[in-house]
Amino acid sequence: GIIYIGCDGGFLYAVRPTGVLKWRRSLGREVPSSPAVGNYTTIYVGSGDGYLYAFRPDSTLKWRYPTGGEVYSSPALGFDGSIYFGSQDGYLYAINRDGTFKWRYNTGGYVRSCPAIDLDTIVYVGSGNGYLYAVRSNGTLKWRYPTGNGVMSSPCVDSNGTIYVGSFDSYVYAVNPDGTLKWRFATGGAINSSPTIGSNRALYI
């Protein structure tokens, strides 16, 4: 029931459900990434200092992994415990649960998007170069789909494997699992927001 959240002041907070502070931990720089919790034992979060951090529930540091840029991307956890996240250095990273390097994939643009993972362990992520990427669990490219501008929106995947994501070109995209366009919907402006799917199968963004 503990809530974990970062702030621009450079702290990661752990707050009890009553609103009482449990602890806070300084990361030195702003914490734009949203934390992910793995098996109730590890809290993963990115920082503006270029590191992905892994903390224990008592706030002690488990490990940290360096990248070449700020980590705005929120980590996503794979079925095998791998941690996937992006960095301003243009790479999508895969890190093992013990903090060791697994692989990285160069997208050619900043990665602020939070990755989404499907049942086949394909990792989907947007890049500042205007593409939605599908990367296999071994770090090789499956396909990439071009949008008209940068993609900061975090994709989501429905039960049929369709991938939904927004772009700075003011469109919401629905992309088939093979990387072809299913449809796109025009909104009135650039999209930072990430889509979510309701129980009625409607898409909200």
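A contact here means heavy atoms within 4.5 Å. Keep that in mind as you click around this predicted model.

**The whole chain**

Start with everything shown as a cartoon. The protein chain has 21 strands and 0 helices, so set your colours by strand if your viewer lets you. Now turn the C-alpha trace about: along its principal axes it spans about 45 × 35 × 30 Å. Does the radius of gyration agree or disagree with that of a compact globule? It agrees, because a compact globule of 205 residues would come out near 17 Å and the protein chain has 17 Å.

Back to contacts. Take those in the protein chain with a separation of 6 or more: residues 24 or more positions apart account for 32% of them.

Switch on the surface next. The accessible surface comes to about 9400 Å², and 49% of that belongs to carbon and sulfur atoms. Of the 205 residues, 49% are buried. If you colour by charge, you'll pick out 18 positive and 13 negative side chains. The centres of these two sets lie 4 Å apart.

**Rings**

Hide the surface and show the aromatic side chains as sticks. There are 16 aromatic pairs in the structure. Select tyrosine 84 and tryptophan 103 to look at one of them: the rings sit 5.9 Å apart, centre to centre, with 45° between the planes. Why does that pair count as tilted? Planes under 30 degrees apart would be stacked and those over 60 would be edge-to-face, so 45° falls into the remaining class.

Follow the backbone out from each ring. Tyrosine 84 belongs to strand β9 (residues 83-86) and tryptophan 103 to strand β11 (residues 101-106), so the pair ties together parts that are 19 residues apart in sequence. Both partners count as buried: tyrosine 84 has 0% relative accessibility, and tryptophan 103 has 7%.

Now add Tyr65, Phe85, Tyr91, Tyr93 and Phe101 to your selection. Ring pairs link these residues into a cluster.

**Glycine 86**

Stay on strand β9 and go to glycine 86. Glycine 86 is buried, with a relative accessible area of 0%. What does glycine 86 touch, not counting residues up to four places away in sequence? The list is Val71, Ser73, Tyr91, Leu92 and Val111. Tyr91 is also a member of the ring cluster. For a distance check, pick the C-alpha atoms of glycine 86 and tyrosine 105: they are 9.4 Å apart in space and 19 residues apart in sequence.

**Serine 47**

Jump to serine 47, in the loop between β5 (42-46) and β6 (51-55). Is serine 47 buried or exposed? Serine 47 counts as buried, at 0% relative accessibility. Leaving out residues up to four places away in sequence, serine 47 touches Leu27, Arg29, Glu30, Tyr53, Glu70 and Val71. Val71 is a residue you've already met, among the contacts of glycine 86.

**Glycine 10 and serine 26**

Select glycine 10, in the loop between β1 (3-6) and β2 (11-15). Glycine 10 is buried, with a relative accessible area of 2%. Setting aside neighbours within four places in sequence, glycine 10 is in contact with Arg25, Ser26, Leu27, Gly28, Arg29, Glu30 and Val31. Zoom out and draw a line to serine 193, which is 183 residues away in sequence: C-alpha to C-alpha, the two are 23 Å apart.

From that contact list, pick serine 26, which lies in strand β3 (residues 21-26). Serine 26 is partly exposed, with a relative accessible area of 47%. Beyond its neighbours within four places in sequence, serine 26 is in contact with Gly10 and Phe11. Try one more distance: the C-alpha atoms of serine 26 and leucine 12 are separated by 6.4 Å, with these positions 14 residues apart along the chain counted as sequence separation.

**Two backbone stops**

Finish with phi angles. Threonine 121 sits in the loop between β12 (116-117) and β13 (123-126). Threonine 121 has a positive phi of about 60°, although it is not a glycine.

Then go to arginine 201, in the loop between β20 (196-197) and β21 (203-204). Which sign does phi of arginine 201 have? Phi is positive, near 70°, in a residue other than glycine. Turn the surface back on at this last stop: arginine 201 is exposed, with a relative accessible area of 52%.

Note on methods. Residues are numbered from 1 along each chain as its sequence is written. This is a predicted model: local features need pLDDT of at least 70, side-chain atom pairs count only at pLDDT 80 or more; totals for chains, interfaces and linings use all residues. Side-chain values use heavy atoms; hydrogens and water are left out. Helices (H or I, at least four residues) and strands (E, at least two) are DSSP runs, numbered from the N terminus. The radius of gyration is taken over C-alpha atoms; the globule rule is 2.2 Å times the number of residues to the power 0.38. Buried means under 20% relative accessible area, exposed over 50%, partly exposed in between (1.4 Å probe, protein chains only). Accessible areas come from the Shrake-Rupley method with a 1.4 Å probe; for residues, only the protein chains shown count as cover. Lys and Arg count as positive and Asp and Glu as negative; His and the chain ends are not counted. The place of a charge is taken as NZ of Lys, CZ of Arg, CG of Asp or CD of Glu. Rings of Phe, Tyr and Trp (its six-membered ring) pair if their centres lie within 6.5 Å; planes under 30 degrees apart count as stacked, over 60 as edge-to-face and the rest as tilted.
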